[in-house]
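Q: Got a minute to go over this model with me? I'd like to start with the contacts.

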Amino acid sequence: MNSVKTNVDPAEQDKFDSIAASWWDPDGESRPLHDLNPARLAYIQERVELSGAMVTDVGCGGGILSESMASQGASVTGIDVAEKALAVAKLHLHESGCVVDYQRATAESWAEEHPASVGIVTCMEMLEHVPDPASVVAACAKMLTDDGQLFLSTLNRNAASFAIAILGGEYITSIIPKGTHQYDRFIKPSELCAWLRASGMRAREITGIHYSPLERTARTGGHVKVNYLVHAVKATACVPST
Ligand code: SAH
């Protein structure tokens with residue numbers, strides 16, 4: 001793995017490697033990601049044309065989002081640091097018949113070697129697992145072409161997100177393995193927007209993701225108190241040409 005900068009928490013890497021085998025079990029430890037995926041894929045599809053697009057999926061894990069975008073005709077590269085999760089992602093391609101190029105890399109090292117290489121970057125449920133999320137946001141921006149679009153999702157930091165994502169998800173319902181999330185790594189939308197601005201990008205839209213674990217459905221829209229999506233574009237794309 002190339003590492004321009006080590007922005008990896010080894011405990012996080014071990015955590016995702018340890019659940020690798022069950023990544024594609026819709027009732028297993030990655031169940032929330034399976035349940036969230038149709039809503040987040042629809043959100044992306046409503047904003048960009050995936051068919052024929054070049055996409056880099058940062059922190060792709062076992063490839064739930066990567067494969068779903070590939071199945072819509074995108075040419076997807078999935079990058080992650082967790083070796084076992086990537087091995088599972090590659091194996092699953094044999095089962096699904098999807099084509100995804102999986103690479104072991106940090107966001108930063110990949111951006112360094114592939115600047116301005118794709119029109120779409122996705123980075124979902126990953127920023128809250130890294131020591132320096134601002135650095136990942138900057139790397140995502142660097143991978144994008146001038147008209148590129150970035151889709152991020154993460155967890156807000158407040159009493160509601162603590163109660164729902166950690167107490168509810170990990171301790172009361174046990175839908176998410178205990179220790180998956182650390183509250184102090186959750187990210188306020190204002191912080192994420194500041195990192196985007198520092199990376200030459202602007203948030204075009206911030207919207208909530210609402211997960212109903214009992215019904216096993218998710219929808220986008222509404223408040224952003226817990227899980228939320230950000231659609232960002234390069235700042236230059238926001239300035240009207242004169
Ligand atoms: N984006 C996927 C997986 C989310 S789980 C989805 O939403 O379906 C978070 C993933 O981020 C894990 O696979 C973990 O290995 C990865 N990750 C954590 N730190 C990372 C880093 N510094 N660089 C790249 N991936 C990282």
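Q: Which residues is Val136 in contact with, leaving aside its neighbours within four places in sequence?
A: Val136 is in contact with Asn7, Val58, Ala107, Glu108, Cys123, Met126, Leu127 and Val130. Contact means heavy atoms within 4.5 Å.

Q: Are there ground rules for these values?
A: The model is predicted, so local features need pLDDT of at least 70 and side-chain atom pairs count only at pLDDT 80 or more, while totals for chains, interfaces and linings use all residues. Residues are numbered from 1 along each chain as its sequence is written, and side-chain values use heavy atoms, with hydrogens and water left out.

Q: Which residues touch the most other members of the largest nonpolar core?
A: Val58, Val136, Met143 and Leu150 do, in a core of 28 residues. A nonpolar core is a set of buried Ala, Val, Leu, Ile, Met, Phe, Trp, Tyr and Cys residues joined through side-chain atoms within 4.5 Å. Buried means under 20% relative accessible area, exposed over 50%, and partly exposed in between (1.4 Å probe, protein chains only).

Q: Which elements each supply at least two residues of this core?
A: Helix 5 (107-113), strand 4 (118-124), helix 6 (133-143), strand 5 (144-155), helix 8 (189-198) and strand 8 (227-234). Helix 6 gives the most, with 6 residues. Helices (H or I, at least four residues) and strands (E, at least two) are DSSP runs, numbered from the N terminus.

Q: Any other core?
A: A second, separate one has 25 residues, including Leu50, Ala74, Tyr102 and Leu229.

Q: Back to helix 6. How many of its residues are buried?
A: In helix 6, 8 of its 11 residues are buried, so the helix is mostly covered. The buried ones are Pro133, Ser135, Val136, Val137, Ala139, Cys140, Ala141 and Met143.

Q: And Val130, where does that sit?
A: Val130 is in the loop between strand 4 and helix 6. Val130 counts as buried because its relative accessible area is 9%. Not counting residues up to four places away in sequence, Val130 touches Asn7, Val136 and Arg185.

Q: New topic: the ligand. Which residues are closest?
A: Asn7, Arg40, Gly59, Asp80 and Met124, out of 16 that surround the ligand (a heavy atom within 4 Å). By class, this shell has 10 nonpolar, 3 polar and 3 charged residues. Ala, Val, Leu, Ile, Met, Phe, Trp, Tyr, Cys and Pro count as nonpolar, Asp, Glu, Lys and Arg as charged, and the others, Gly among them, as polar.

Q: What about distances to ligand atoms?
A: An N or O atom in the Arg40 side chain is 2.7 Å from a ligand oxygen, and a polar side-chain atom of Asp80 lies 2.6 Å from an oxygen of the ligand. For Met124, a backbone N or O atom lies 2.8 Å from a ligand nitrogen.

Q: How much of the ligand does the protein bury?
A: The protein buries 99% of the 570 Å² that the ligand exposes when taken alone. Accessible areas come from the Shrake-Rupley method with a 1.4 Å probe; for residues, only the protein chains shown count as cover.

Q: Last one, Thr154: buried or exposed?
A: Thr154, in strand 5, is buried because its relative accessible area is 0%. The Thr154 side chain makes a polar contact with the side chain of Glu128 (2.7 Å). A polar contact is a pair of N or O atoms within 3.5 Å; within protein, one must be able to donate a hydrogen and the other to accept it, and residues adjacent in sequence count only if both atoms are side-chain atoms.
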